[in-house]
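Subject: A structure to look through

Dear colleague,

I am passing on a structure that I would like you to look at with some patience. Please open it first, and then read the notes below beside it.

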Amino acid sequence: MHCFPVYEFHDINAENFADIEGILKEYGGDKKWNLMIIPFNEGVQPSVLKAFSQQLLEWKMEGHSLYLHGYRHKADKILKRSLLGRLALSLTNCESEFAGLSKEDSKMLLTKALQEWQKLNAGEPQGFVPPAWYGSRMLFYLCKDLGFENYNSRFTLWNKSKGSRFSVPFSTAGLPRPAIPIVNLCEKIYLKIYKIFNFLPMMRIVKHPAEGSKCPH
Ligand SMILES: [Zn+2]
C-alpha cells in the first residue's frame with residue numbers, strides 16, 4: 001500500500017542549501033524528502049563547501065535521502081547530441097545535460113558527477129535523477145551498472161529491490177503563472193483520492209528552490 005506521497009526537492013547546491021534548510025522546516029519536520037543534489041562545486045569557497053557537506057550529513061541523519069542530480073545541471077553545448085536531445089535542451093533552457101548524449105559521453109558525465117560528489121564527503125548517493133528528468137534507457141542501465149539503488153525518470157521510480165513503479169509528479173517549475181493554481185488544485189485533489197485508492201500511480205510532490213517557501217498543505 002502506498003498512501004503517502006513521495007516528496008522531492010530539486011536543484012540543491014552549495015549556493016542555495018542554507019535557504020533550502022529553512023524551506024524544508026516550513027514544510028514540517030515530519031516529511032522525509034528525496035533531496036536532489038547538484039554536486040558541481042568548482043569555484044566554491046572551501047568554508048562554504050564544508051558547511052554544505054555538514055548540512056548534507058545532517059539531512060541524512062534526519063532521515064532524508066540524498067540523490068545525485070546530474071553534474072552541473074547545465075548542458076555542455078560542445079558535446080554531440082541527437083536531434084531529440086537538442087530539442088530537449090531548447091525546452092529546458094539547457095538544463096537537461098544528459099539529453100541525447102552518446103553512451104561514452106553519458107558515462108564521462110556520470111563519472112565527473114560522481115567525482116564532484118566524492119568531494120562533498122556525504123557518503124554514497126542513494127540514487128540518480130537526471131536534470132529535468134531527461135534521461136534514457138541507456139543512462140538507466142549505466143546507473144544500474146554503477147550500483148545506484150534508485151533511478152527516477154519523470155514517470156517512473158526504480159528501486160533495486162522493488163523494481164519500477166509508475167508515478168505522477170506534481171511540479172509547478174517552469175509553468176506560466178496562471179497554470180500554477182491549477183496544478184496546485186490537481187495536487188490537492190490527487191492527494192485526497194490517493195489516500196483512498198492505493199492502486200493509483202505513486203504520487204510525487206516536487207519542489208524547486210525558485211518556488212519559494214509557500215507551503216500548500
Ligand atoms: Zn533539476
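Which residue in β2 stands opposite Glu 8? The residue is Asn 34, and since this model is predicted, please read that pairing, like everything that follows, as a feature of the model. Glu 8 also stands opposite Val 206 in β8, and this is a useful place from which to trace the strands.

**The whole chain**

The average pLDDT of the protein is 91, and 96% of the residues score at least 70. Over residues 213–217, however, the pLDDT is below 50, and this stretch has six contacts in the model beyond near neighbours in sequence. The secondary structure comes to six helices and eight strands, and from the N terminus on the elements follow the order β-α-β-α-β-α-α-β-α-β-β-β-α-β.

The C-alpha trace spans about 45 × 40 × 40 Å along its principal axes. A compact globule with 217 residues would have a radius of gyration near 17 Å, and the protein has 17 Å, which agrees. Of the 217 residues, 32% count as buried, and among contacts between residues at least 6 apart in sequence, 67% join residues at least 24 apart.

**The strands and their partners**

If you begin at β1, you will find that four bridges join it to β8, with the two strands running parallel, and that four bridges also join β1 to β2, again in parallel. Besides the pairs of Glu 8, the bridge partner of Val 6 in β8 is Arg 204, while the bridge partner of Ile 12 in β2 is Ile 37. Five of the seven residues of β1 are buried, so this strand is largely enclosed by the rest of the structure.

Moving on from β2, you reach β3, which pairs with β2 in the parallel sense over four bridges, and here Met 36 stands opposite Tyr 67. Going the other way, β8 (residues 202–207) pairs in the parallel sense with β7 (residues 163–170) over four bridges, and Phe 170 has Ile 205 as its bridge partner in β8. Strand β8 is mostly covered, with five of its six residues buried.

The helices between these strands are worth following too: β1, α1 and β2 make a right-handed β-α-β unit, and β2, α2 and β3 make a right-handed β-α-β unit as well.

**Strand β2 and the core**

Why can β2 be called largely enclosed by the rest of the structure? Five of its five residues are buried, so the description applies to this strand. In a regular strand the side chains alternate between the two faces of the sheet. In β2 both faces are covered, with Trp 33, Leu 35 and Ile 37 buried on one side and Asn 34 and Met 36 buried on the other.

The largest nonpolar core has 39 residues, and those with the most contacts inside it are Phe 9, Ile 12, Leu 35, Met 36, Ile 37, Tyr 67 and Phe 128. Among the elements that give two or more residues to this core are β1, β2 and β3, together with helices that include α1 and α2. Met 36 is a good residue on which to end, and, leaving aside residues up to four places away in sequence, Met 36 touches Glu 8, Phe 9, His 10, Asp 11, Ile 12, Tyr 67, His 69 and Val 129.

With best wishes

Terms used:
Residues numbered from 1 in each chain as written. Predicted model: local features only at pLDDT ≥ 70, side-chain atom pairs only at ≥ 80, totals over all residues. Core = buried A, V, L, I, M, F, W, Y, C linked by C-beta atoms within 7 Å. Buried ≥ 20, exposed ≤ 12 C-beta atoms within 10 Å, placed from the backbone. Contact = placed C-beta atoms within 7 Å. pLDDT = per-residue confidence, 0-100. Rg over C-alpha atoms; globule rule 2.2 N^0.38 Å. Pairing = 2+ DSSP bridges. Right-handed = clockwise from strand over helix to strand, strands pointing away.
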